[in-house]
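Colleague: Please give me a close look at one helix and the backbone just after it, and then set that part in the context of its chain and of the whole assembly. I would like the reasoning on burial spelled out.

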2 protein chains.
Amino acid sequence: MLITVQKYGGTSVGSPEKIQHVADRVIHAYHKTKRVVVVVSAMGSATDVLIGLAKQLSLVPDPREYDALISTGENVSAALLSMALIQKGFSAISLTGAQAGILTESTHMRAKILTVDPSRIHDELSKDRIVVVTGFQGVNTLGEVTTIGRGGSDTSAVVLAAALNAKNCEIFTDVEGIYTTDPREVSLARKIPEISYDEMLELASLGAGVLHPRAVECGKQHGVHIHVRSTFKPDQGSWVKETNMEVSKPVTGITASEEQVILSILNLSHTPGVAGQVFQALADAGINVDMIVQSVENGSQNHISFSVHEEDVLKAKMVSEKMAALLGSNQVVLDEDVSKISIVGVGMISRPGIAAKMFSTLGNLGINIKRITTSEIKISCAISRKDTKKALETLHHVFDLDRV
Amino acid sequence: MLITVQKYGGTSVGSPEKIQHVADRVIHAYHKTKRVVVVVSAMGSATDVLIGLAKQLSLVPDPREYDALISTGENVSAALLSMALIQKGFSAISLTGAQAGILTESTHMRAKILTVDPSRIHDELSKDRIVVVTGFQGVNTLGEVTTIGRGGSDTSAVVLAAALNAKNCEIFTDVEGIYTTDPREVSLARKIPEISYDEMLELASLGAGVLHPRAVECGKQHGVHIHVRSTFKPDQGSWVKETNMEVSKPVTGITASEEQVILSILNLSHTPGVAGQVFQALADAGINVDMIVQSVENGSQNHISFSVHEEDVLKAKMVSEKMAALLGSNQVVLDEDVSKISIVGVGMISRPGIAAKMFSTLGNLGINIKRITTSEIKISCAISRKDTKKALETLHHVFDLDRV
């Protein structure tokens, strides 16, 4: 029996009216397959309100209590959607993460989902009930409510789809799908009908923001096809699934992230293990580091530079200065005018010259490239923020993304 | 080991600042006994906000989903209070009704508490933790969250006190205790230092509003002394406990309820079973009936009249008219100008003339008595609403309540 799994985000269930609308979409799916499991996020800003209350009582809220607190946001929206479905004449039931059998690590605030025991869900489905599951939460072996990190409802939905052997997972959101680039920046941005897990992983991590990277990873692992689509329009959105590696275009999407800062530690002593010490210290401080470059000039001048998210910059600067003093460096330099432009596509694997084409395009525009990093299916360049829009638009055109 | 059980109502935990204050009071108790269990209601109007959301999605919300929804209010306040205690350097943990071992009937929205398994609470207390329990909720044998009816947090607290063999249960609220009458109406109203369970039961049912009748009943049953006191002042409040039956004053307190309406069904056929049929029909419609009077005039004219809460009046009128048609009555009459004044006191049992004194006092004031009902320790008179204040003040004086 085919099971439909749908997930609705916070903006989609942000008010009673919107919940009514979501109920209608769920009923539409129920008429098709009779087996519908719906995962919901907390209403609109509910989670932020709860976090705000917690912050007023504790600078660093106790993790267990934090989870007990913010998981209530999803309990509210799940119960409300279930009520709306019942009011419309359908049989429905809301299940918490615990009731839905979602077992997580015992750690709090960002527990990973370990297993799903779908027996209760199957039981409710067999009674012809629409099952509404609270996203973002689970339970650990101690019986404590855990949450799985922000954006975790996407992951909850894909994990449930996998556990229920649903082929697809529909992620309903306030945008219409995944775009070749940000449509607010580039008017010619197009919706991508299909994209591979790997490409989506790069795009999700790069801040496209439509889909949580953990959900993509989980979909890839379990072969769940993810359909990102609009809650408010009936059209097809974008499918994330295995796609043919022999694709027609080398580049699938382009992203820009303007929240980067580059730190450079200059003139470090040129002894083995220096880089290891620097990045260990940064990791110990919980700082995510990106775009690492180590350059050795004249056989002894050793510079290390890397980019961090701007919210980590103060902490990163402190750690860097401490390490600089320890390792013989005389200077830590910050560049806060950084925008990271990335082109992503599985098609670039088999095609040489894509990187060169990106660099020369930027060069022809008179844009200075500050750093370059690459992966199998991604090339990123750090440039000045003032050049972001121009770079995006031109690369979008040069790599043929504004044409079908 | 002595265990302290405290309960804080919705106004007491209505904001982060107030929760800080409650945390300080809890810590004060912790310093004394080291074993503290705190029961909390939802923050201020949180429950009403949730009910408002539900009503927007369903006229008659599904009971299971309703409980899943509104129980989150207590989860929020319990987690926040626990965070505040931890922030202040104490070890604390919040427990849901289910985690605290509160097993209820399987019915929803007004489930009765069946048993409490206090092992988890004992376990946490033995780790020197302050235990914060969500009021108003439990779990049924199916593992579903249930709620125990409005005002139920009082009951949760007393039930826990009984299960934990705590001698006392402190009910912290926004008033300073139980008064001889409503201090907003009668300026000479005095705080009652001690009151018996039975008297409190009459007063609680009569709408004194400080303490839920179920909590009093439960305290009586298990011998838990209930201390009703102010969250915001350190003074002693009022103790509800077994008191000496030989008390000095016949009357302990006086209440007025202005939300009454009297319905009369006139000229019913005078056959056996008529009254039974009328009140069965009202009970089937879920209407609470009070002050029943049946009068038979001239051996055949049979009138039945009773009072209901004004929120039930439309339903009661409909049922009464249906029954009137069925049972040969030609008229249903409403009196909406009804105020019920009640004097309560165990002292009246052994003293004749208390009723007469009440009636003549009202008579001397020129107040017409519309109905009279009595119990062992209570005499109630229905009068016109315009006379409420005058009746309260005079009876308060006549029965010596304004003197210690």
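Modeller: A residue counts here as buried if 20 or more other C-beta atoms lie within 10 Å of its own, as exposed if 12 or fewer do, and as partly exposed in between. The model is a predicted one, and everything that follows should be read in that light.

The helix is α9 of chain A, residues 274-284, and its buried residues are A:Val274, A:Val278 and A:Leu282. These three cover an arc of only 65 degrees around the axis, which means that they sit on the same side of α9(A). The general geometry behind this is that an α-helix has 3.6 residues a turn, so residues three or four places apart point the same way. On the face of α9(A) that is turned away from the buried side, the exposed residues are A:Gly276, A:Gln280, A:Ala283 and A:Asp284.

After α9(A) comes A:Gly286, with a positive phi near 75 degrees. Further along, strand β14 of chain A, residues 289-297, holds A:Met291, whose phi is also positive, at about 50 degrees, although this residue is not a glycine. As a general matter, most residues other than glycine have a negative phi. A:Met291 has 19 other C-beta atoms within 10 Å and is therefore partly exposed. In chain B, a positive phi of about 75 degrees is found at B:Met109, again a residue that is not a glycine. B:Met109 lies in the loop between β4 (102-104) and β5 (113-116) of chain B, and with 15 C-beta neighbours inside 10 Å it too counts as partly exposed.

Turning to the chain that holds the helix, chain A contains 12 helices and 18 strands. Its radius of gyration is 23 Å, close to the 22 Å that the globule rule gives for 404 residues, so chain A is as compact as a globular protein of that length. The C-alpha trace of chain A spans about 75 × 50 × 30 Å along its principal axes, and 50% of the 404 residues count as buried. Among contacts in chain A between residues at least 6 apart in sequence, 74% join residues at least 24 apart.

The domain assignment divides chain A into domain 1 (4-240) and domain 2 (253-398), with 33 Å between their centres, taken over C-alpha atoms. Across the boundary, 16 residues of domain 1 of chain A are in contact with 15 residues of domain 2 of chain A, and the domain 1 side of this contact is made up of seven nonpolar, four polar and five charged residues.

In the assembly, 27 residues of chain B contact 27 residues of chain A. On the chain B side, α1 (16-33), α2 (46-57) and α3 (63-87) each supply at least two residues, and α3(B) gives the most, with 13 residues. By class, that side of chain B has 15 nonpolar, 10 polar and two charged residues. As for the relation between the copies, chain B superposes on chain A by a rotation of 179 degrees with 0.1 Å of shift along its axis, at an RMSD of 0.2 Å. The two copies are thus related as by a two-fold rotation axis, and in chain B the C-alpha nearest that axis belongs to B:Thr72, at 2.9 Å from it. Finally, 100% of the interface residues of chain B are also interface residues in chain A, so the copies meet through the same surface.

Terms used:
Residues numbered from 1 in each chain as written. Chains lettered and ligands numbered in written order. Predicted model: local features only at pLDDT ≥ 70, side-chain atom pairs only at ≥ 80, totals over all residues. Contact = placed C-beta atoms within 7 Å. Helix = DSSP H or I, 4+ residues; strand = E, 2+ residues; numbered from the N terminus. Nonpolar A, V, L, I, M, F, W, Y, C, P; charged D, E, K, R; others polar. Domains from an automatic or database assignment. Least-squares fit on C-alpha atoms with pLDDT ≥ 70 in both. Rg over C-alpha atoms; globule rule 2.2 N^0.38 Å. Arc of directions from axis to C-beta.
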